[in-house]
There are 2 protein chains.
Amino acid sequence: MSTIGKALTLLDTISRLEKEAGLSDIARHCGLDKATARRFLVELEKHGFVEQDMETRRYRLGGAPVRLARIRETRFPYLSVATPFAKELASLTGETVHLSEHAAGRLSTIHVEDSQRAHRVIVDVGSILPFHATASGLGFLAFCPQKEIDAALSAPLQAFTDHTLTDPTALRQTLGETLRRGYSICHHGLETGVVSVAAPIRAPGSTPVGAIAIAAPATRADKETVEQMGRAVMATARRISERLFGLEQAAADPLARRAG
Amino acid sequence: MSTIGKALTLLDTISRLEKEAGLSDIARHCGLDKATARRFLVELEKHGFVEQDMETRRYRLGGAPVRLARIRETRFPYLSVATPFAKELASLTGETVHLSEHAAGRLSTIHVEDSQRAHRVIVDVGSILPFHATASGLGFLAFCPQKEIDAALSAPLQAFTDHTLTDPTALRQTLGETLRRGYSICHHGLETGVVSVAAPIRAPGSTPVGAIAIAAPATRADKETVEQMGRAVMATARRISERLFGLEQAAADPLARRAG
DNA sequence: GTCTTTCGGTTCATTATTTGAACCTCAGCT
DNA sequence: AGCTGAGGTTCAAATAATGAACCGAAAGAC
């Protein structure tokens, strides 16, 4: 792997750590030499991607990504467009709603609207959503070109719970159903006791850019409620897509593209 | 410079380009070989920091920084805390208000609340604010330790307009006044016809994390109005700082620290 | 229609950078 | 005192970055 790749992987690792971490910790997590990790950290710090607390000597995420994210957001206002819809969906359903974005071949949570209920599902901003074990992942993947699906299913698939689907054939069938239905359903894929539904956010002809999902405790998610939430999330995803990519959306037939 | 540094500089360059750019363009802007630029871009793309438009083959900022920025924001909610105050200040004064953050030794604009007036100052999100030629820069620097001031003033200072102060001695005096006054004033420093005032956002004992500024057309900024805006921006900066760092703020004497 | 330039992208011998074991110093523990 | 693991540094050995020259495609010039 190139030096750049290693440094960016280190940055990614830092972003996943619960909180500020020391040099040795970081080196261990990345499988890097201490000296190498330090050089990377110094370099990343020079550019504002990490910060070092002068007292504790620990490292944390820096401010540089904020600037980049704001620039990206002015060019492609995904968050600012989608957030109000997510809020609306959260208050409509009373459940936790989260938005994810596709980047670097992964789906990452970029916004969460928490349910107001005491018993609710917690989703962390920044968490990575595995394609095969989350409604977001399935909803995203179902509307991707076959090539992406193959790539996602060829990697070894981790079973997070007893219910996690890890058989590629079964998953392909699930994706087919999702595509026909228009939204995905995931029972206990990543955590037991959680049911979620999701739909992709996408320009008509192309790969989705992300997904919006509702996550509810299984105790509140009977068949009818799930269907209701599914239709709601699908409608919201469509409205967000229309706002982002224009109004051509309505005409496009999602099934047509898959024929090739 | 290390490879990582070069790659991050390339990323920074892309972020500054008006819009999507081609390979040769980017290589030229960075002073890099075409082959090298490409390797960097591919590596950055793998990690989601840049995206390539498959049709035009041009490169643009990717989605990865959004995830990092959101994580940073949950740990240190600068934007979400400060934005409502900026909004309030904008509607109070009727002028453009912008927030900046200090990272990688630079002050970058991370949020703008536009004035509602027809004749107004435009500030771009993502733009870098030179320390010596903007109210934000002066307001930030004035409250920094002497070491930072020396560093900022030792570099060659560009004159953006006929009014830009570039003499270190004069600037040091301005910084002294700013420190005593509590907010900075900048007449035509970066663009002619613009007057702005700013105040730093900071924890009591330490270097500021950013600044908040009001920018108005000079025609609307007589002495009294400037004073009024200055007091307003200072009060707002203080309130933001209190929200971010706790309530110790009020007790701290900004002049005390500089004695050493 | 053909020539020319410029584009994005690739190759591979040369070159410069990265690498990591060993080392240092310091703080906290036994 | 002696030990342990922290952050940080050094320098010869190993490895990865580099860029001139190259390709095919496409846009402009003539």
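Colleague: At what angle do the axes of helix α1 (residues 3-16) of chain A and helix α3 (residues 34-46) of chain A cross?
Modeller: Their axes come within 10 Å. Axes here are lines fitted to C-alpha atoms, for helices over the stretch in contact, with angles from 0 to 180 degrees between N-to-C directions. Helices (H or I, at least four residues) and strands (E, at least two) are DSSP runs numbered from the N terminus. The crossing angle comes out at roughly 80°.

Colleague: Before we go on, what pLDDT do local features need?
Modeller: Residues are numbered from 1 along each chain as its sequence is written, chains are lettered from A and ligands numbered from 1 in the order written, and side-chain values use heavy atoms, leaving out hydrogens and water. This is a predicted model, so to speak with its own house rules: totals for chains, interfaces and linings use all residues, side-chain atom pairs count only at pLDDT 80 or more, and local features need pLDDT of at least 70.

Colleague: Back to that helix pair: how many nonpolar residues are in the contact of α1(A) with α3(A)?
Modeller: Contact means heavy atoms within 4.5 Å. On one side sit A:T3, A:K6, A:A7, A:L10, A:L11 and A:I14, and they meet A:A37, A:F40, A:L41 and A:L44 in α3(A). Ala, Val, Leu, Ile, Met, Phe, Trp, Tyr, Cys and Pro count as nonpolar, Asp, Glu, Lys and Arg as charged, and the others, Gly among them, as polar. By class there is one polar and one charged residue, and the nonpolar ones number eight.

Colleague: How are α6(A) and α8(A) oriented to each other?
Modeller: Helix α6 (residues 135-142) and helix α8 (residues 168-181) of chain A have axes 9 Å apart and pack at about 75°. Angles under 35 degrees count as roughly parallel, over 145 as roughly antiparallel, 65 to 115 as roughly perpendicular and the rest as oblique. α6(A) and α8(A) are therefore roughly perpendicular.

Colleague: And how many charged residues does that contact have?
Modeller: A:L138, A:G139, A:L141 and A:A142 in α6(A) meet A:L171, A:T174, A:L175, A:T178 and A:L179 in α8(A). The split is six nonpolar and three polar, and for charged residues the answer is none.

Colleague: Over to the DNA: which element gives the most to the surface near DNA strand D?
Modeller: A residue is near a strand if one of its heavy atoms lies within 4 Å of it. 19 residues surround strand D, and among the closest are A:S24, A:K34 and B:K6. With four residues, the top contributor is α3(B).

Colleague: How far is a polar side-chain atom of A:Q52 from a phosphate oxygen of DNA strand D?
Modeller: A polar contact is a pair of N or O atoms within 3.5 Å; within protein, one must be able to donate a hydrogen and the other to accept it, and residues adjacent in sequence count only if both atoms are side-chain atoms. The side chain of A:Y59 has an N or O atom 2.8 Å from a phosphate oxygen of strand D, and for A:R28 the distance is 3.5 Å. For A:Q52 it's 3.1 Å.

Colleague: Which element gives the most to the surface near DNA strand C?
Modeller: Of the 19 residues around strand C, the nearest include A:K6, A:D33 and B:S24. A phosphate oxygen of that strand is 2.6 Å from a side-chain N or O atom of A:K6, while a polar side-chain atom of B:S24 lies 2.4 Å from one. Giving four residues, the leading element is α3(A).
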